[in-house]
Each structure stands twice: as structure tokens, then as C-alpha cells.
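Q: Could you take me through the salt bridges in this model, with a close look at one of the residues that takes part? I'd like to see how the charged side chains pair up.

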Amino acid sequence: RMEMDDLNSGLDSLIARGLADPLRLGILGWSYGGYLTNLAITKTDRFKAAVTMYGMSSRENAYYFGESPSYELEYFGGPPWEKPELYAERSPLRQVDRIHTPLLLLHGENDAKVSVMHAKALWTALTELGRPVQLVRYPGEGHGFRQYEHKIDASRRTTAWFDLHLRK
């Protein structure tokens, strides 16, 4: 909840100062920022486009299949079976039906920290819901893009995604 309060407060300040157009807001995040991007678009429709790079979609899956469940234990104060409501509230995949923002998912195939299955699950659900979503999987990449051609491709796709959805 705190992250969303901070995000909205910052956006409201930028809009009030004339530095952001409330009708053309985009959101982009990598890793934990990707998770926050996924979460933010379940909580508000104020963003007209979103891009997530190697972000989580399920805190439960991060606990069970991630590199270190200790992070979730510290963050939530217990495992999913002890705090199911908290994990569900903080898992974008559990609230996927609330997502209407066009979403571009960029993820490395070999990501050991945040499995590509986080992006695949979100893509599958949004596709089933008929929502605007695109998934690009980068072979040979882990948590963060290292290959020059993948960095360039991700940058171009991100720019094109925002151009498509924010320049209306």
C-alpha cells in the first residue's frame, strides 16, 4: 500500500506542477520496479501504457520458485500459507482481471532470480482476458540484459510501445 501511496503522491505533484500530462502517463520498471509496475496497474487505470522488465507477477510463486524465499519471509512476516491474504493482495497475478493498461513484458529466458514464468503467467491471463499485452522472451539472458543486441531491442520495443499508447 505504501508504494502506491508514494507513487500516486509523486505523480500528483508532477501533474500539479505541469511536468506530467495526466492523460498520457506511462510506467516502466525493472526487477523490483517491474513488480511494482505490475502491481500498480492492478490498482489504477491512470497509466495508459506499462513496460515491465524481468518483474514478478506472483509473490507466492516468488516464494516457492524464486532464488531466495527468505525475502518474502522478511517482507510479509511469514510464508504464503500463514499470510494468504497478504500474499494475494501483493500479487499482480491474483488481481489480473483489474489490469486494463496495455502491458509490454520483456524477460530473459534464463532468469534465476525472477523466472520467466512470472511474465508468461501474466501474459497468458491477460491474453485470455482479451487485454493488450505483448511478451518478448530473450534467449540466453538472465536477470538483466547483457547482450548488446537485446539491450537495443528492448529499448526500441519500449519506445515503440510508449509511442503507440501515449501519443494519441
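A: Happy to! A salt bridge here is a side-chain nitrogen of Lys or Arg within 4 Å of a carboxyl oxygen of Asp or Glu. Please keep in mind that this is a predicted model. A search of the whole structure finds 7 such salt bridges, and three of them make a good tour.

Let's start with Glu-72 and Arg-59, whose side chains meet in a salt bridge at 3.0 Å, N to O. This pair ties together distant parts of the chain: Glu-72 belongs to helix α4 (residues 70-76) and Arg-59 to helix α3 (residues 59-65), with their positions 13 residues apart. Both Glu-72 and Arg-59 are buried.

Glu-72 also turns up at the largest pocket, which holds about 240 Å³ of space. Of the 14 residues lining that pocket, those closest to its centre are Met-56, Tyr-71, Glu-72, Lys-113 and Val-114. Sorted by class, the lining has 5 nonpolar, 6 polar and 3 charged residues.

Helix α3 contributes to a second bridge as well. Glu-60, in helix α3, pairs with Arg-94, in the loop between α5 (84-89) and β3 (103-108), and the two are 34 residues apart. Their side chains come to 2.6 Å, N to O. The partners of this bridge sit on opposite sides of the accessibility cut-offs: Glu-60 counts as buried because its relative accessibility is 11%, under 20%, whereas Arg-94 counts as exposed because its value is 53%, over 50%.

Now for the close look, at Glu-109. This residue lies in the loop between β3 and α6, and its side chain forms a salt bridge with that of Arg-137 (2.8 Å, N to O). Arg-137 is in strand β4 (residues 133-138), 28 residues away in sequence, so this bridge, too, links distant parts of the chain. The Glu-109 and Arg-137 side chains also make a polar contact at 2.8 Å. With a relative accessible area of 31%, Glu-109 is partly exposed, and Arg-137 is partly exposed with a value of 31%.

Arg-137 has company around Glu-109. Leaving aside residues up to four places away in sequence, Glu-109 touches Val-116, Arg-137, Tyr-138, Pro-139, Gly-140 and Glu-141. Take Glu-141 from that list: Glu-109 and Glu-141 are 32 residues apart in sequence, yet their C-alpha atoms are 5.8 Å apart in space.

Key: Residues numbered from 1 in each chain as written. Predicted model: local features only at pLDDT ≥ 70, side-chain atom pairs only at ≥ 80, totals over all residues. Heavy atoms only, no water. 1 Å grid on protein atoms, 1.4 Å probe; cavity = no way out; pocket = protein on both sides within 12 Å on 5 of 7 lines; lining within 4 Å. Points joined across faces, edges and corners; volume = space filled by probe spheres on them. Nonpolar A, V, L, I, M, F, W, Y, C, P; charged D, E, K, R; others polar. Helix = DSSP H or I, 4+ residues; strand = E, 2+ residues; numbered from the N terminus. Buried < 20%, exposed > 50% of the residue type's maximum accessible area, 1.4 Å probe, protein only. Contact = heavy atoms within 4.5 Å. Polar contact = N/O pair within 3.5 Å; in protein donor to acceptor, adjacent residues only side chain to side chain.
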